[in-house]
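Colleague: Could you walk me through this model, one point at a time? I would like to follow the reasoning behind each answer.

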Amino acid sequence: MMLRVGVNGYGTIGKRVADALAAQPDMTVSGVAKTTPNFEATAAHRRGYAVHAIDDAAAFAAADVPVAGDLDDLVAASDVVIDCTPAGIGAQNREIYEAHDTPALYQGGEDADVADASFNARANYDEIANGDAEHVRVVSCNTTGLSRVLTPLDEVYGVEKTRATLVRRGGDPSQSDRGPINDILPDPVTVPSHHGPDVNTVLPDLAVDTMGVTVPATLMHLHSVNVTLESDADADAVRETLADESRVFVVPEHARVAGPGHLKELAKDAGRPRGDLWENCVWGASIAVEGRDLYFFQAIHQESDVVPENVDAVRAIAGDADAAESVVRTNRALGVGR
Ligand code: NAD
């Protein structure tokens, strides 16, 4: 079955999601919706996506971007809509999708209660596929990054307690209005941060405490993770457990990757679109075990790690494949893990 998927909001996440959908053998992009006829609208048109104007269609025509319709037309032409609008707008849009009886995905900037359930392919794909949720939130980049490693660690060793410090990029490369420019901010200053509870929206039984720090960087987030395991493990075994995960890249020591700058260069050298890193990047050399305490560093590419998760979430709510089939299909079409 060919699924027709519409993308509402064509910014950092939306443009990547649209390209990832277009690469799938079982999906087609029914169109994208934009508020402004900027350079991204022009790029969407040149990529062959039917551009829908949220309101001022004349402005799109004036910018030489042909308009295929409005948001209602896009939703009507879609089996599933992926809302990639800025945080908070998705919640306002839900009633539009409901009016068309069209299932929808939302992003991690929305509160969890925007949707009937939250989603991460590694943590709870089958639960979503076997349930009746039609409005599903794909969890944020940081939550995705934590869920992808905590799920296998819990399956293999049991997780008693996780403590993670998330060193967060100040903004995405295109966000010239974000910061800090020259500071290191406890963010939020209250402890624990909201990230642990967000992990619990997909992994409800795990004890996870998180702290956030925001720094003047745009490339990636960096997590310093400590997991107290329920059973003994050694560093080599944990390295293997994580390396077996298709969306975890255990960075080998010989690669001499010092930080996100090198990781982004590695992705560009590999010919990845937009230099994207869909996988968690765990430094193999950082994996250490003291008693039952596991430590490691991982970098998370905030602009792209949720992209394969959105593709899988479409199949989960459309009931089109089980978790293993969907993840393989998505990975193969995008080149995840290569
Ligand atoms: P963005 O600002 O880059 O893109 C949002 C797009 O939506 C823009 O093109 C904007 O013009 C458009 N838009 C604004 N109002 C709209 C409306 N009413 N209808 C349709 N489009 C509208 O934002 P983003 O970074 O892509 O974030 C989108 C969502 O994804 C947010 O919930 C965010 O929290 C989440 N998210 C972002 C990141 C990240 O690091 N960028 C990572 C994971 C999840």
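What follows is a short conversation about the sheet, one asparagine and some backbone features.

Modeller: Happy to. This is a predicted model, so local features need pLDDT of at least 70 and side-chain atom pairs count only at pLDDT 80 or more, while totals for chains, interfaces and linings use all residues. Residues are numbered from 1 along each chain as its sequence is written, and side-chain values use heavy atoms, with hydrogens and water left out.

Colleague: Which strands stand at the edges of the open sheet?

Modeller: Helices (H or I, at least four residues) and strands (E, at least two) are DSSP runs, numbered from the N terminus, and two strands pair if DSSP finds at least two bridges between them. Seven strands form the sheet with parallel pairing, in the order 3-2-1-4-5-7-6. Each edge strand has a single partner, so one side of each is left without a neighbour in the sheet: these are strand 3 (51–53) and strand 6.

Colleague: Over how many bridges do strand 1 and strand 2 pair?

Modeller: Strand 1 covers residues 3–8 and strand 2 covers residues 27–34. Asn8 stands opposite Ala33 in strand 2. The two strands run in the parallel sense, and the count of bridges is six.

Colleague: Is Asn120 buried or exposed?

Modeller: Asn120 is found in the loop between strand 6 (117–119) and helix 6 (121–130). Buried means under 20% relative accessible area, exposed over 50%, and partly exposed in between, using a 1.4 Å probe and protein chains only. Asn120 has a relative accessible area of 0%, so it is buried.

Colleague: Which side chain makes a polar contact with the side chain of Asn120?

Modeller: A polar contact is a pair of N or O atoms within 3.5 Å; within protein, one must be able to donate a hydrogen and the other to accept it, and residues adjacent in sequence count only if both atoms are side-chain atoms. The Asn120 side chain reaches the backbone nitrogen of Arg122 at 3.1 Å. Its side-chain partner, at 3.4 Å, is Glu309.

Colleague: What is the relative accessibility of Asp101?

Modeller: Asp101 is found in the loop between helix 5 (89–99) and strand 5 (104–106). Its phi is positive, about 60°, although it is not a glycine. Asp101 counts as exposed because its relative accessibility is 62%.

Colleague: Which residue does a cis peptide bond join to Asp187?

Modeller: Omega of this bond is about 0°. The partner lies in the loop between strand 9 (185–186) and helix 8 (195–199). The residue is Pro188.
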